[in-house]
Amino acid sequence: MRGFNVLLQKEFREAWRSWKFLWIPLVFALLGMSDPLTNYYMMDILNAVGNVPEGFEMLMPELMPLDLIQASIGQFQTIGLLVMMASFVGAISKERANGMATLLYARPISFGAYFLSKFVVMSTICFVSILAGFGASVYYTTILYGTLDVGALLVSFSTYYIWLLFVIAVTLMMSASFKTVIATTCAFTVIFVGQIIDMIIGIFWTISPWKLASYGIAKFRGTIEMSDYWWSLVITLALTIICIGIGIVMMKRNASMTKI
Amino acid sequence: MMEELAKVPWAVIAPLIIVQIILMIVALIDLRKIHATNGPKILWVFIILFANLFGSIAYFIVGRKQS
């Protein structure tokens, strides 16, 4: 791990200077706020914009605090992941394209250390982001709906974080393997098409990384088998490590793709 | 006037406004410092100022030119 600390500092400084530590958490906080708010004020919103006819009555579902956390996770799953992947996917391929990588690759750094330093910084940003997201969601849920169970929160939070680590690993691996455009397509395909496939025909299997995001809450509700949860967790972690391994190898192999 | 202000549920609205203002200020500071953007700079000033939340986020995703 030659120069890991130096590279880590460089990555941190870069992420800090491009404000990534600030705006990605804020986006997640907004996403976390949106669901409790819109659900609580749904009737008012409909009255204000919906042209509701006279004497119209609608039965609103009685939402429990956990439902809202689940809804917020759903928001993170679509827009949150989109923002996160869009800002991370160029991490390695863009450096190759604009020639910055030449400066680094000419030095005796280990590719493993470089890849891991990027991974560590991104997972830190992710951690701060979902902390902000969950914080905002929990704040509004407690104000508007009622208190939440701390245990359920911790479980769903850590489960979701492990899923995000998998997403980052896939994104970085694609970024190491291809040019930015192709990497974006491939990473989005793996994560989003995977989710869609899991949604459509996912009832035929119970263990998959794409299910993990909703398993955090489901585990607490007792609607799934415990073994399914743990197996999904283990498989996701294993896939994350495999992706990191492939990423390092591809980074080394594609070192010649840098623009000089 | 003060009574109407007191009626507003501040616990609900204040965080939203704070997040919005922080995002806007950070985006404007960054725009001031950055060398070049994708598209004319003055356009981004208007987008950040008038397309509230969405504008600043859009600036960070597509507006910044990584040099």
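## Helices of chain A in a predicted model

Over residues 113-140 of chain A the chain is 100% helix and 0% strand, with end C-alpha atoms 41 Å apart. The model is predicted. UniProt, in an unreviewed entry, lists this span as a "transmembrane region", along with residues 21-42, 68-92, 152-174, 181-205 and 229-251 of chain A. Two of the listed spans are set out below.

| Span in chain A | Helix | Strand | Distance between end C-alpha atoms |
|---|---|---|---|
| Residues 21-42 | 95% | 0% | 32 Å |
| Residues 113-140 | 100% | 0% | 41 Å |

The secondary structure of chain A as a whole comes to 11 helices and 0 strands. From the N terminus on, every element in the order is therefore written as α: α-α-α-α-α-α-α-α-α-α-α.

Helix α2 of chain A covers residues 20-40. At 1.5 Å a residue, its 21 residues should span 30 Å, and the end C-alpha atoms are 31 Å apart, which agrees. A kink of about 25° lies at Ser34(A) in α2(A), shortly before the proline Pro36(A). Of the 21 residues of α2(A), 15 are buried, so this helix is largely enclosed by the rest of the structure.

For chain A overall, 40% of the 260 residues count as buried. Its C-alpha atoms fill a box of roughly 75 × 40 × 30 Å along the principal axes. Among contacts in chain A with a separation of 6 or more, 85% are between residues 24 or more positions apart.

Key. Residues are numbered from 1 along each chain as its sequence is written. Chains are lettered from A and ligands numbered from 1 in the order in which they are written. This is a predicted model: local features need pLDDT of at least 70, side-chain atom pairs count only at pLDDT 80 or more; totals for chains, interfaces and linings use all residues. Helices (H or I, at least four residues) and strands (E, at least two) are DSSP runs, numbered from the N terminus. The expected span of a helix is 1.5 Å times one less than its number of residues. The bend at a residue is the angle between axes fitted to the seven residues ending there and the seven starting there. A residue is buried if 20 or more other C-beta atoms lie within 10 Å of its own, exposed if 12 or fewer, and partly exposed in between; C-beta atoms are placed from the backbone. UniProt positions are given in the numbering used here, feature names are shortened, and annotations may be inferred rather than shown by experiment. Two residues are in contact if their C-beta atoms, placed from the backbone, lie within 7 Å.
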